[in-house]
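Okay, thanks for squeezing me in. I'll put the structure up now and then walk through it piece by piece.

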Amino acid sequence: MTTTTATTPTTPSGDVVARAAAGFRQRYGAEPAGRWAAPGRVNLIGEHTDYNDGFVLPFALPLRTVVAAAPRDDERWTVWSELSADPVEFGPADVDEPGRVTGWTAYVAGVVWALRAAGHAVPGARLAIASDVPVGSGLSSSAAIEAAVLAALVDLGGLDLPADRWPRLAQRAENEYVGAPTGIMDQSAVIRGRPGHALFLDCRTEEIEQIPFDLDAAGLAMLVIDSRAPHRHADGEYASRRKSCERAAARLGVPALRDVPADGLDAALARLDDDETRRRVRHVVTEDQRVLDTVALLRAGRVRALGPLLTASHASMRDDFEITVPEIDTAVEAALAAGAYGARMTGGGFGGCVLALVEAPTADAVAAAVASAYAERGFAAPGAVTVLPAGGVTRVD
Ligand code: GLA
C-alpha cells in the first residue's frame, strides 16, 4: 500500500473546483456566479462529548466539497452533484415540510429550510456540487455540503448572518430537516477550522480557541486510515448512545454529563444502578478530561506525548461506549504495533476512520502494517492518507 500525502492548500485542489464549475456549465449552460468550498474533518479527540455539552478538538481536512452556484429569479433551487445523474429541483413547499426532499439533497434542502426558519429571504439558486470528501467514511461529507451551500446562499442573497452563527444553523438542518440527532462538532470544524490548528470547542458555550497543531514542524504525521468497514446500524446506535447519556444525566440530576467532574466520577457511578449506563457515563466524563489534557499538551508543545491519550480514548470507545468494530480495532492495534505514538477511531463510530500519530518518515510503513493485518483477517483493503489541519469554508472565486 502507498499513502498519498494531502497538503494544506489555501484553496482546494484545482481539480475539484474545476469539476464543480464544469458540472455547472454542463448542466445549466451558463457560468456560475461563484464557487464556495468547505472541508471534511477529523476529530483529534473528544468523541460523543459534543451532545453532552462537553469538549471536542477536531480539525478541518484538505479534502473539500465545492459548490458552484448562481442565483435564479424565482424561488426554486436546482441541485446537481457528482453523486447523482440528474439535477433535483425543489421549491418552498418541499422545503417547508421536512421529509419531502430525501437522500443527499436533503442536506441542501435542510440548509434552505434552516435559513428560512431563521427568517432569511433565501435566494433561488442553481447549484453544482463536486467533492473530494469521501461519502460514508466518517469524514463529515454531509457537514461539508451544508457549509458550502450555506456560504453560497448567504453570499448570493447578501444575507445578514455572521459566520459564528453558521454552525448552529447547519446543525439544525441536519437535526431537524434530515433527522440525524448529531451534535455541533462537525459543522463547527468545517466552518471555523484554521490551517495548522485544531479547534478547541466548548460545545455548551460555543467558545472556541484555535490551538496550534503543527505536525510538520514536529516531524510528525497524522495518518488517516479508512477502515472501509460498512457502517452497521450506525444511525440507530448513535441515537441510542445519545439517549442513554441524556437519561444518565437526568438520573444524576445534572443538565448534561459535562457537569459530572472527573474527580466526581466514582461518586456519580455509584449512584447509577446498571453497568451499561455506568460505562457510557465513564466514557463521556473521561473523554472530556482527555480533551483538556490534550489541549494542555499541545499548548506545551508536547505533541508526541498525545499518543497515550489517543489510545486511551480508543480503549474507552471500544470497552465503555462500545462503538468500534473489528476492522477499526484491528487498524488501531496494527498501527500501535508498527510504532504509532497513539491511535484511535475518529467520528461517530461503527466504521469510518482511524487516526494514527506517527513519525513522518514511518507513515508508509505503518499504513503497510495495517494493510497486512487486514489481509490476514480477510478484511477489504483499507485506505490511508496523511493530512495536515486545513482551513474552514471559504469563497473560492
Ligand atoms: C458524529 C456527529 C458529531 C459527534 C460525533 C461523535 O460525527 O455528527 O456531532 O457526535 O459523531 O463524536
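**Starting from the inside**

Let's begin with strand S10, residues 220-226: seven of its seven residues are buried, so S10 is largely enclosed by the rest of the structure. Before I go on, please keep in mind that this is a predicted model.

So which residues of S10 sit on which side? In general, side chains in a regular strand alternate between the two faces of the sheet. For S10, you've got Leu220, Met222, Val224 and Asp226 on one side, with Ala221, Leu223 and Ile225 on the other, and both faces are covered. Yes, that includes an aspartate, Asp226, which is buried along with the others.

Now, the neighbours. S10 runs antiparallel to strand S12, residues 353-359, and seven bridges join the two. If you want to click along, leucine 220 is opposite glutamate 359 in S12, and isoleucine 225 is opposite valine 354. S10 also has strand S13, residues 383-387, as an antiparallel partner, this time with five bridges. There, methionine 222 faces valine 387.

How buried is S12 itself? Six of its seven residues are buried, so S12 too is largely enclosed by the rest of the structure. Going one step further out from S10, strand S11, residues 342-346, is joined to S12 by five bridges, again antiparallel. Glycine 342 has leucine 357 of S12 as its bridge partner. S11 and S12 make a hairpin with six residues between the strands, and glycine 347 in that hairpin has a positive phi near 100°.

**The other sheet I want to show**

Next, an open sheet of six strands with mixed pairing. The order is S6-S5-S7-S4-S2-S14. The edges are strand S6, at 88-90, and strand S14, at 394-395; each has a single partner strand, so one side of each is left without a neighbour in the sheet.

Inside that order, have a look at S2, residues 34-43, and S4, residues 58-71. These two pair antiparallel over nine bridges. One place to find the register is arginine 41 in S2, whose bridge partner in S4 is alanine 60.

**A buried helix**

Then there's helix H6, residues 185-192. Seven of its eight residues are buried, so H6 is largely enclosed by the rest of the structure. The buried ones are Met185, Asp186, Gln187, Ser188, Ala189, Val190 and Ile191. And what do they pack against? Quite a list: S2 and S4, which we just met, plus strand S3 at 55-56, strand S8 at 197-202, and the helices H4 and H5, with H5 at 166-178.

**Two backbone angles**

Okay, torsions. Most residues other than glycine have a negative phi. Two residues here go the other way. Serine 140 has a phi near 65°, and it's in the loop between strand S7, 125-131, and helix H4, 141-157. Glutamate 322 has a phi of about 55°, and that one is in the loop between helix H10, 307-319, and helix H11, 326-337.

Are they buried or exposed? Serine 140 has a relative accessible area of 8%, so it counts as buried. Glutamate 322 is at 33%, so it counts as partly exposed.

**Zooming out**

Last bit, the whole chain. In terms of secondary structure, we have 12 helices and 14 strands. The C-alpha atoms fill a box of roughly 60 × 50 × 40 Å along the principal axes. For 397 residues, you'd expect a compact globule to have a radius of gyration near 21 Å, and the chain has 21 Å, so that agrees.

Of those 397 residues, 57% count as buried. On the contact side, take pairs at least 6 apart in sequence: 73% of those contacts join residues at least 24 apart. The accessible surface is about 14,900 Å², and 50% of that belongs to carbon and sulfur atoms.

And for the electrostatics people: there are 38 positive and 52 negative side chains, with the centres of the two sets 1 Å apart.

That's my tour, so over to you for questions.

Conventions. Residues numbered from 1 in each chain as written. Predicted model: local features only at pLDDT ≥ 70, side-chain atom pairs only at ≥ 80, totals over all residues. Heavy atoms only, no water. Helix = DSSP H or I, 4+ residues; strand = E, 2+ residues; numbered from the N terminus. Rg over C-alpha atoms; globule rule 2.2 N^0.38 Å. Buried < 20%, exposed > 50% of the residue type's maximum accessible area, 1.4 Å probe, protein only. Contact = heavy atoms within 4.5 Å. Areas by Shrake-Rupley, 256 points an atom, 1.4 Å probe, with all protein chains shown as cover. Lys, Arg positive; Asp, Glu negative; His and termini not counted. Charge placed at Lys NZ, Arg CZ, Asp CG, Glu CD. Pairing = 2+ DSSP bridges.
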